[in-house]
Protein chains: 2
Amino acid sequence: MGRLGRVSHVRIAIDAFGTDARPKPDVEGSWLAAREFPEDEFVLVGDLAVVEAELSQYDVLANLRVVHAPYDVKMTASAVDALKEGDESSLHIGLRLVESGSADAFVTMGNTGATHSIAMLKTLGRIHGIKRPAISALYPINGRVVAFLDIGANTDCKPDWLVQFGELGSIYMKTALQMEAPKVALMSIGEEQAKGNAAVQAAYDLLSTSSLDFVGNIEPKDLLTSEVNVVIMDGFVGNLFLKTFESAMSYVTNVIRSEIRAGLVSSVGGLLIAPAIGRVRARLDPLEIGGAPLLGVDGIVIIGHGRSNARTVRNAVQQARQAVSGGTLQRLRAYFNGKEHHGTHP
Amino acid sequence: MGRLGRVSHVRIAIDAFGTDARPKPDVEGSWLAAREFPEDEFVLVGDLAVVEAELSQYDVLANLRVVHAPYDVKMTASAVDALKEGDESSLHIGLRLVESGSADAFVTMGNTGATHSIAMLKTLGRIHGIKRPAISALYPINGRVVAFLDIGANTDCKPDWLVQFGELGSIYMKTALQMEAPKVALMSIGEEQAKGNAAVQAAYDLLSTSSLDFVGNIEPKDLLTSEVNVVIMDGFVGNLFLKTFESAMSYVTNVIRSEIRAGLVSSVGGLLIAPAIGRVRARLDPLEIGGAPLLGVDGIVIIGHGRSNARTVRNAVQQARQAVSGGTLQRLRAYFNGKEHHGTHP
């Protein structure tokens, strides 16, 4: 597969203090990945004594070691606070391993805003040519994976930033997830070109003449049935979109559960429907995918959910492995550097 | 209740060609309202022959008559097309009845964009002092009514427009729905003042020093449990929010139904759960309220859903009656006119 193709072995740094139940799921998930991929190298970043104690419960693996980080960034910390806290957090040290070339990727289930800020301002920085990196979310929808970006890093976006989000998402889907021709859409309030706010309308024009496989605007109601693979949104809209969808899902399932408890549905009906409710949530559960890339920073960074369990952490590590193996970073660099000099295809 | 209080009788014009199943639900709903409120006057606006034929199925009511409008605006027509179509549509003629003072309010289940455009540009215009009228939605949430605005009229909003949306919503809740102190919130991606896009952050500052009962930012997950009565959003975000929520509700209920059909839930379980699914949807069904006001135009205009039935049309007419009786328009005029000269409370 050439210079940018599959690499012989992958070195991944993992935040030992990411999940809400830190460090247990983080450590166990890393151990699961290390056992599953013996040719790759894994580094847990966190308080040495605590992580070693946690690791002592599992068989020793030669390809899993620990790098000490004196403290961890709390999930509730603001990005500004995280930046002020200095350079000794597991986020900082993990990202620095990537910056220095000691690791090919960093994986964390921790604070998204802090990860974004530390990656951007203190360690990796942007890929040359990138206006604004984007936080993405990957959702399994009807058997396919859909990338949504930006979901919170950039609340006011210029049209050309939105176009770059499409390019970033498209290249990720091609390289890390081996999709041949990812379809890219703009989230909007109608299918017609004239629908949307000013930035969306201007981005539509730019996307129409881009080399992306741009399929136009998409509305929320069409997401579940369309063939779209990358959905572009500004970070304010994207964050609200995901939170709204999640809230509505919780609302419906909670009402059904409460009706079961209140006896409005017989307990027999409740027993029969409970697995169906579970499957509804599982069908759209981002934890299945494990984590999603922070795209546009100059390194592979995968951010997962704080409520991840060990299996989810393992899945996030697998996302990172795929991005490294697929040459995602090299392709992004070549595309965005090259674009300044001569047009290239994403 | 004084000059701005309850009026002796209310005159309401109703679009006979609003619903998807036009004119049957529109005519029947108007007839139901006319029978229920014999002291008020109701005018159906639409093709005279068609509406008279439809009305002939019901008992004659002295307080329900028809005003001829040669054609109707299709639900799929763009606002621009609707404006081009001339002045003889049921929307145009109905709104003109309000403009001329022949009716106190106009109710339609038809094309929202066209209604907004015709009201703004061809008939009523804005209330003096209003920057941008807003389309609202009223949802019943846990037994209280919540107004969301704007939900589509203004896709890019300046901070002071957002503040006016809060004032418009607050005055509507006070006058039409008799709420004493409506709580107003800004939809955003975090509770803290610093969360949100630039317009939301600037609006937060303005709202904090306003005379509104401003309770800060609200996130989607808190909507269902909070005490908020008015939620401010720009029209792009608002439209996406409602469509996303609706899509998620449909998705969950459809998946559960499909699992029942596929036998993954036994048919016994399916029978037991079906009423619960129905109740989930009913709990958040805007059709219960019937319609929501177009706020900021110089007249009372209530817009309902195209999928309304006769009972919903009747409910929308009742919204209009309450706004007229409650002196909503007079209060809006006094507030926004007065504000230019001296501060008043909404």
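How many bridges join β5(A) to strand β10 of chain A, and do the two run parallel or antiparallel? Two bridges join β5(A) to β10(A) (residues 291-295), and the strands run antiparallel. Strands (E, at least two residues) and helices (H or I, at least four) are DSSP runs numbered from the N terminus, and two strands pair if DSSP finds at least two bridges between them.

This is a predicted model, in which local features need pLDDT of at least 70, side-chain atom pairs count only at pLDDT 80 or more, and totals for chains, interfaces and linings use all residues. Residues are numbered from 1 along each chain as its sequence is written, chains are lettered from A and ligands numbered from 1 in the order in which they are written, and side-chain values use heavy atoms, with hydrogens and water left out.

Across the bridges to β10(A), A:I135 has A:L294 as its partner. With strand β6 (residues 144-149) of chain A, β5(A) shares six bridges, also in the antiparallel sense; there A:S136 stands opposite A:L149. β5(A) and β6(A) form a hairpin with two residues between them, and A:N142 in the turn has a positive phi of about 50 degrees.

Strand β5 (residues 134-141) is mostly covered, with eight of its eight residues buried; buried means under 20% relative accessible area, exposed over 50% and partly exposed in between (1.4 Å probe, protein chains only). In a regular strand the side chains alternate between the two faces of the sheet. On one side of β5(A), A:A134, A:S136, A:L138 and A:P140 are buried, and on the other A:I135, A:A137, A:Y139 and A:I141.

The wider setting is an open sheet of eleven strands with mixed pairing, in the order β3-β2-β1-β4-β11-β10-β5-β6-β9-β7-β8 of chain A. Its edge strands, β3 (64-68) and β8 (213-218), each pair on one side only. The twist averages 25 degrees from one strand to the next.

Towards the β3 end of that order, β1 (residues 11-15) and β2 (residues 41-46) of chain A pair in the parallel sense over five bridges, and A:A13 has A:V43 in β2(A) as its bridge partner. Helix α1 (residues 24-36) of chain A lies across β1, β2 and β3, at about 170 degrees to β2(A). Axes are lines fitted to C-alpha atoms, for helices over the stretch in contact, and angles run from 0 to 180 degrees between N-to-C directions.

Chain B superposes on chain A by a rotation of 180 degrees with 0.1 Å of shift along its axis (RMSD 0.0 Å), by least squares on the C-alpha atoms of residues with pLDDT of at least 70 in both. That is the relation of a two-fold axis.

Technical notes. Contact = heavy atoms within 4.5 Å.
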